[in-house]
Amino acid sequence: MEWCVSMPKIELHAHLNGSIRDSTLLELAKGLGDKGLIDFSQVEHVILKNDRSLAEVFKLFDVIHILTTDHATVTRITKEVVEDFASENVVYVELRTTPKKNESKGMSKHSYIEAVLEGLRAVSSVDVDFIPHSEELKNLSNPLLSTTNDKCNENTRKKIFVRLLLSIDRRETTEAAMETVMLALEMGHFGVAGIDLSGNPAVGEWVTYLPALKFAREQGLCVTLHCGEVPNSREIHDMLDFLPERIGHACFFEEDHWRKLKSSKIPVELCLTSNIRTLSVPSIDAHHFVDLYNAKHPVVLCTDDSGVFSTSVSNEYKIVRSSFGLGRKEMLELSKNAVEYIFADNTVIRCYDAYELTARDATYCYYVSRQ
Ligand code: 5GP
């Protein structure tokens, strides 16, 4: 485990409200309990329960969302989540979250994302890079490159690249989905790099989100889709035909889905613990990681909801090592390959006056420097 923690890692499938520390959730619940707004002991039980079906996971999210409704809390959890990933040597994370409206708190989708950005600014344990092409970068003492040569160098201070994906919840209407895409476009200069489709897979229809997803693509946003979390053959075909930049999970795929996926080379975000805990896959031995890995299909190991499923990126690598016997070299390769699938844009960023790199190359360079 120690080695898995020390290796640099890339996290591409992490839901903000699913990645909150239990201690923070309990503290927030206690606060609302003390005010008589919730029954603390009931919520405590729900938070600390270990095994949950996928349906129960979505009930838990309803509870979590009651605890995280104001701007200050959204800022706090964002800061903590990024610090937690950085502390286990994640060098690049794409954090996804569903922009929320809450009139009673004066919250709009826009102000929700502002609160998330505030959380990124509040991180103190590590440098956070989340503005892809800001003039501010010129003035930062960028640890990526030395001033004397263009080789990747060891940092004195840790850094984490953060990009945001805005999630469309499957309960939303076409208009609401479109609003999220517009917001993502508006916030592009703050590191919003793409759109995710998530939420309870038993709810909603593909055609509802399609116009917004098409528009996102036309405007140059990358798209990732939760795909095949439940048996729904038609929807899986429709999603693969859309050719998203990535998909998540792919649990309930049938032969013709696998064929289509493999020929399309769409990278798959795999969340082993999440799939086992929710019984989407019967056992780790039966997990499709093995088949995709052996077929050299692009995959990336992710947590999904590190808080809800009590896992970490390091733990996902440890599982791959203990269950499938991957060696250190293979694990490093698996992790490094993920740089190819990141949504950070290819806009050139300035690292010192003399050097220019794309965000992707900067991430790669930094990853290598941390190996
Ligand atoms: P948030 O978007 O509020 O930051 O993170 C929690 C939300 O992410 C949940 O309400 C749900 O919409 C989505 N989510 C988290 N985990 C999963 C998952 O395993 N599958 C799906 N489909 N959605 C998820």
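1. Lys 101 is exposed in this predicted model, its relative accessible area coming to 55%, which places the residue over the 50% cut-off for that class. The residue sits in the loop that runs between β2 and α6. Once its neighbours within four places in sequence are set aside, Lys 101 is in contact with Met 107, Ser 108, Lys 109 and Glu 179. A separate distance may help with orientation when viewing the model: Lys 101 and Asp 127 are 26 residues apart in sequence, and their C-alpha atoms are 30 Å apart in space.

2. Thr 98 belongs to the loop between β2 and α6 (109–122), and Lys 101 lies in the loop between β2 and α6 as well. Thr 98, however, is buried, with a relative accessible area of 17%, a value that falls under the 20% limit used for burial. If residues up to four places away in sequence are not counted, Thr 98 touches Tyr 112, Ser 167 and Asp 169.

3. Strand β2, which spans residues 90–97, is mostly covered, and eight of its eight residues are buried. β2 pairs in the parallel sense with strand β1 (residues 9–15), over five bridges, and also in the parallel sense with strand β4 (residues 159–169), over six bridges. Two bridge partners can be used to find these pairings in the model: Glu 11 has Val 93 in β2 as its partner, while Leu 95 is matched with Leu 164 in β4. As background for reading the strands, side chains in a regular strand alternate between the two faces of the sheet.

4. Ser 314 is found in helix α14, which covers residues 313–324. With a relative accessible area of 1%, Ser 314 is buried. Apart from its neighbours within four places in sequence, Ser 314 is in contact with Met 1, Cys 4, Val 5, Lys 9 and Glu 88.

5. Helix α16 (residues 359–369) is mostly covered, with eight of its 11 residues buried. The buried residues of α16 are Ala 359, Arg 360, Ala 362, Thr 363, Cys 365, Tyr 366, Tyr 367 and Ser 369, a list that includes charged and polar side chains such as those of Arg 360 and Thr 363. When reading such a list, recall that an α-helix has 3.6 residues a turn, so residues three or four places apart point the same way.

6. For the fold as a whole, the secondary structure comes to 16 helices and 11 strands. The radius of gyration of the protein is 20 Å, and this agrees with the value near 21 Å that a compact globule of 371 residues would have. Taken along the principal axes, the C-alpha atoms fill a box of roughly 60 × 50 × 45 Å. Among contacts with a separation of 6 or more, 72% are accounted for by residues 24 or more positions apart.

7. Regarding the surface, 56% of the 371 residues count as buried, and the protein exposes about 15,500 Å², of which carbon and sulfur atoms supply 52%. The protein carries 41 positive and 54 negative side chains, and the centres of these two sets lie 3 Å apart.

Note on methods. Residues are numbered from 1 along each chain as its sequence is written. This is a predicted model: local features need pLDDT of at least 70, side-chain atom pairs count only at pLDDT 80 or more; totals for chains, interfaces and linings use all residues. Side-chain values use heavy atoms; hydrogens and water are left out. Helices (H or I, at least four residues) and strands (E, at least two) are DSSP runs, numbered from the N terminus. The radius of gyration is taken over C-alpha atoms; the globule rule is 2.2 Å times the number of residues to the power 0.38. Buried means under 20% relative accessible area, exposed over 50%, partly exposed in between (1.4 Å probe, protein chains only). Contact means heavy atoms within 4.5 Å. Accessible areas come from the Shrake-Rupley method with a 1.4 Å probe; for residues, only the protein chains shown count as cover. Lys and Arg count as positive and Asp and Glu as negative; His and the chain ends are not counted. The place of a charge is taken as NZ of Lys, CZ of Arg, CG of Asp or CD of Glu. Two strands pair if DSSP finds at least two bridges between them.
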